[in-house]
Amino acid sequence: MAPSSELPPPATSSLGLRMRSGVMDSETSVRRRIAEGDTWSADAGTQAQSDLGTRDEPRARGVQTTSEEVQEDRTRRLRDRLGLVPRDGQSKVRDEAAEAFMVIFETFLQRFEGDQGSDEWGARVYMRQLAQLRSDEGATVYVDFGHVMAHDERAAQALVENYLRLEPYMARAAARARAKAGGGSGDVTVSVHGLPAQQRIRELRSDRIGQLSGVSGTVTRTSEVRPELVSGVFRCAECAAEVGPVEQQFQYTEPGVCDNPVCQNRTVWTLVVERSKFADWQRIRVQESASEIPAGSMPRTLDVIVRGDLVERVKPGDRAQFTGSLVAIPDGGAGLAPAVAAQTGRGDARELAFRLAFVACHASAAGSDDELGRDAMLAKMTRAEREELAAMGAGGARTYAQLVASLAPTVFGHEEVKRGLLLQMLGGVHKRTREGMRLRGDINVCVVGDPGTAKSQFLKYVAGFLPRAVFTSGKASSAAGLTASVVKDDETGEFTIEAGALMLADHGVCCIDEFDKMDIVDQVAIHEAMEQQTISIAKAGIHATLNARCSILAAANPVGGRYDRRLTLRQNVAMSAPIMSRFDLFFVVLDDASETSDYNTARHIVSVHQLRDAAVTPPFGPAALRRFVRFARAIQPTLREDAARLLWQSYRNLRQDDAGTGRSAYRITVRQLESLIRLSEALARAHCADIITPDHVREAVRLLRRSIVHVEMDDIEVQADADDTMDATSALEAVDEPEPSRAVNIKRDDFERIRAMLALHLHEASTRSEDDEGVRREDLVEWYLSQREDALADEEAFAREDQHARMVIKYMSTVEGCVIALRTTADEEEAEHARGPLLMLHPNFSISS
């Protein structure tokens with residue numbers, strides 16, 4: 001606001017003017033009303049144009065009546081007599097303290113020096129910013145509050161305490177500095193950031209109104225970008241005079257009275273859109289963080305208003321920080337709602353119901369640097385941070401082990417699970433084909449295990465570690481809460497989309513605890529989000545496809561409470577097969593009783609409770625680990641030829657192993673091949689490598705085998721008789737001296753393989769034979785040994801395999817009853833004694849079981 005010029009001395013004679021109301025105004029009131037009119041030029045040599053015309057030329061209008069001409073002539077003669085120059089839209093009251101601050105701030109912008117640059121401005125960082133506004137087509141200069149504090153501490157304190165009062169003066173100082181820097185002309189918005197303290201949403205009270213404050217929280221909803229009327233020019237409906245500009249104060253504000261001294265219209269106005277000033281506007285709904293919510297309280301929300309270049313800076317799910325000022329606006333919407341009628345003891349009255357809102361001058365989302373390239377990310381780091389990152393990246397395999405040890409240090413053991421979580425945070429490379437198809441790069445992990453094995457601790461750690469993560473519980477979450485729902489906006493009445501947990505975790509991780517407690521209908525709802533990473537909505541007239549590009553970290557309990565080793569993974573978890581196939585890694589965490597592990601676990605837990613942070617000393621701190629993850633995610637590794645060959649060979653082996661056993665713990669599909677690719681890319685990122693090597697592929701295959709294919713089960717205990725440990729001749733010689741039976745353990749994998757091969761051969765024999773004669777036991781054993789001949793290295797292995805085959809035949813006959821020994825006639829007794837009984841498969845036995 002430029003300082004106003006002094007008014008000329010008033011005329012000595014008294015001059016009165018009768019208005020429509022019949023009230024005589026004194027010369028002083030007329031001088032004041034006309035002095036607050038529209039702009040006249042102070043230069044005597046120019047033709048000063050005003051809304052009421054110029055000194056020499058009446059205001060142009062399509063149709064003029066005699067009365068209007070008379071009014072204009074009287075107004076012009078009155079101004080000429082008083083020698084008044086109407087105002088330029090600014091108040092005549094000078095704020096000397098604000099103008100002094102404006103000079104200090106302009107000096108700060110012109111002279112403050114930061115990092116040395118290579119252009120003409122050298123270390124003057126803000127002059128460089130202002131000069132670049134012309135090429136960037138921007139209108140915002142970003143000022144660090146710490147720089148203002150270093151330049152003038154008293155000015156910084158005044159800025160905090162009187163922000164709303166000083167904001168227009170800061171904009172004028174920035175506009176002047178912009179003109180001196182050659183950045184063009186026009187309005188400039190000053191965005192202040194870097195306040196030393198952040199306020200909680202619950203701590204914002206009315207005493208903070210007008211002060212510079214910082215607030216943080218989670219963005220839950222953003223409105224569309226709309227135009228906001230900043231200053232309006234209005235046309236009087238009675239005399240057609242244009243009045244303004246009128247600054248808008250968080251609601252639609254019209255002029256109080258027409259500038260025409262013979263009109264005095266106060267009610268009927270028309271907005272002149274082409275001469276008014278508009279700016280982009282967006283309302284953001286911010287919810288306080290979960291860690292800031294007191295026990296037993298509901299999370300509170302705050303409406304944050306951003307303008308200009310700050311729109312679309314944050315999106316739902318971001319943990320954002322805002323700098324600005326708390327304001328009181330009329331309740332209802334963005335300050336555009338009418339006043340609220342209220343009844344008072346003195347009769348009917350119109351009262352305003354106000355609520356608090358936050359007008360932000362700066363907005364930033366945590367983790368917003370993730371989309372930057374490596375060079376841009378390194379440029380934003382300090383020298384010490386870059387040196388630390390270089391040391392971490394040069395460690396190779398040792399760094400990989402240290403990263404795993406630094407993850408969730410308060411949780412003892414579970415190294416394989418920590419490896420999987422590290423690779424999930426690093427993620428794979430997102431790809432897009434020529435046809436526009438998007439290939440998923442996010443890694444989904446599921447942790448299944450007994451109660452008390454720190455499953456929820458892993459989820460809580462990841463949710464608190466990453467800048468963009470959402471934690472939810474499967475039992476308390478519905479399909480709409482996980483994906484998206486259509487709700488009716490309270491202010492506009494239109495249907496809008498309310499983001500669910502997966503949308504809020506876009507470009508992050510969604511942690512779902514108690515995943516097995518979810519209803520089947522709710523599990524089906526996230527099929528599309530887990531693989532295609534989109535959410536399709538078709539309800540309430542809204543048809544949209546929304547992004548849900550996030551990883552899912554799920555924790556589930558076994559069906560019976562504890563994991564049953566005798567059952568497969570699918571039988572232990574209450575999940576459908578399509579859901580299970582969408583997880584890249586499954587980790588089975590068992591609570592086994594072991595004296596050594598129990599002692600070490602108990603000692604670690606007691607130390608954590610006793611010594612707190614001093615009990616754990618990870619190789620890397622949380623801040624260094626976050627910087628490494630952010631930097632590693634910018635690496636785009638590519639497959640080498642030998643690594644690609646090893647990938648398809650490993651996938652072929654996995655498919656063959658899966659087809660060889662009838663009851664595999666997991667079915668290997670093409671999705672597991674894509675999982676191997678994503679895991680290999682994440683391992684390359686963990687080693688800061690641009691090329692995926694065969695070592696990365698081998699580690700990925702090992703993790704996949706250990707997490708999905710390999711599920712440890714109890715060995716099968718079979719009672720072995722003497723007949724099972726010797727051949728037929730030896731059995732005849734030892735008829736008179738039978739030995740007692742003894743128990744022999746067979747590994748479950750070996751048992752399942754032998755059982756499946758024997759059952760298949762008996763089934764094929766019964767299919768070929770028309771009279772169902774069956775197969776002699778010795779013939780069955782010899783057939784099995786012939787099939788396994790290539791896998792037997794020596795005579796000892798041959799004898800052990802022969803023994804296991806006989807014991808499995810006995811187990812199938814006596815325990816399971818799936819093999820039947822046929823009765824023989826007297827003529828067949830001798831053959832039975834030499835070659836064993838005739839065996840056939842039970843007709844109700846299913847080969848697929």
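**Exercise 1. How many disulfides does the count come to?**

Start with the kind of model: this one is predicted. A disulfide is a covalent bond between the sulfur atoms of two cysteines. The rule asks for a pair of cysteine sulfur atoms within 2.5 Å. By this rule, the count comes to zero disulfides.

**Exercise 2. Decide whether cysteine 361 and cysteine 818 are buried or exposed**.

Step 1: recall the cut-off, which is under 20% relative accessible area for a buried residue.
Step 2: cysteine 361 has 6% relative accessibility, so it counts as buried.
Step 3: cysteine 818 has 5% relative accessibility, so it counts as buried too.

**Exercise 3. Describe the surroundings and partners of strand 17 (residues 445-449)**.

Step 1: look at burial. Five of the five residues are buried, so strand 17 is largely enclosed by the rest of the structure.
Step 2: sort the side chains by direction. Val445, Val447 and Gly449 point one way, while Cys446 and Val448 point the other way.
Step 3: find the partners. Strand 17 pairs in the parallel sense with strand 24 (residues 551-556) over four bridges, and in the parallel sense with strand 25 (residues 585-589) over five bridges.
Step 4: follow one residue. Valine 445 stands opposite leucine 553 in strand 24 and opposite leucine 585 in strand 25.

**Exercise 4. Work out how helix 12 (residues 455-465) meets helix 20 (residues 622-632)**.

Step 1: take the axes, which come within 12 Å and cross at roughly 75°.
Step 2: name the arrangement. Angles of 65 to 115 degrees count as roughly perpendicular, and therefore helix 12 is roughly perpendicular to helix 20.
Step 3: list the residues in contact. Helix 12 brings Tyr461, Gly464 and Phe465, and helix 20 brings Pro622, Leu625, Arg626 and Val629.
Step 4: sort the residues of this contact by type, which gives five nonpolar, one polar and one charged.

**Exercise 5. In what order do the three strands of the open sheet with strand 30 lie, and which are its edge strands?**

Step 1: read the order, which is 30-32-31, with antiparallel pairing.
Step 2: pick the edges. Strand 30 (775-776) and strand 31 (819-821) each pair on one side only.
Step 3: check one pairing. Three bridges join strand 31 to strand 32 (residues 838-841), and isoleucine 820 has methionine 840 of strand 32 as its bridge partner.
Step 4: add the helix. Helix 25 (residues 748-768) lies across strand 30, strand 31 and strand 32, and runs at about 95° to strand 32.

Technical notes:
Residues are numbered from 1 along each chain as its sequence is written. This is a predicted model: local features need pLDDT of at least 70, side-chain atom pairs count only at pLDDT 80 or more; totals for chains, interfaces and linings use all residues. Side-chain values use heavy atoms; hydrogens and water are left out. Axes are lines fitted to C-alpha atoms, for helices over the stretch in contact, and angles run from 0 to 180 degrees between N-to-C directions. Helices (H or I, at least four residues) and strands (E, at least two) are DSSP runs, numbered from the N terminus. Angles under 35 degrees count as roughly parallel, over 145 as roughly antiparallel, 65 to 115 as roughly perpendicular and the rest as oblique. Contact means heavy atoms within 4.5 Å. Ala, Val, Leu, Ile, Met, Phe, Trp, Tyr, Cys and Pro count as nonpolar, Asp, Glu, Lys and Arg as charged, and the others, Gly among them, as polar. Buried means under 20% relative accessible area, exposed over 50%, partly exposed in between (1.4 Å probe, protein chains only). Two strands pair if DSSP finds at least two bridges between them.
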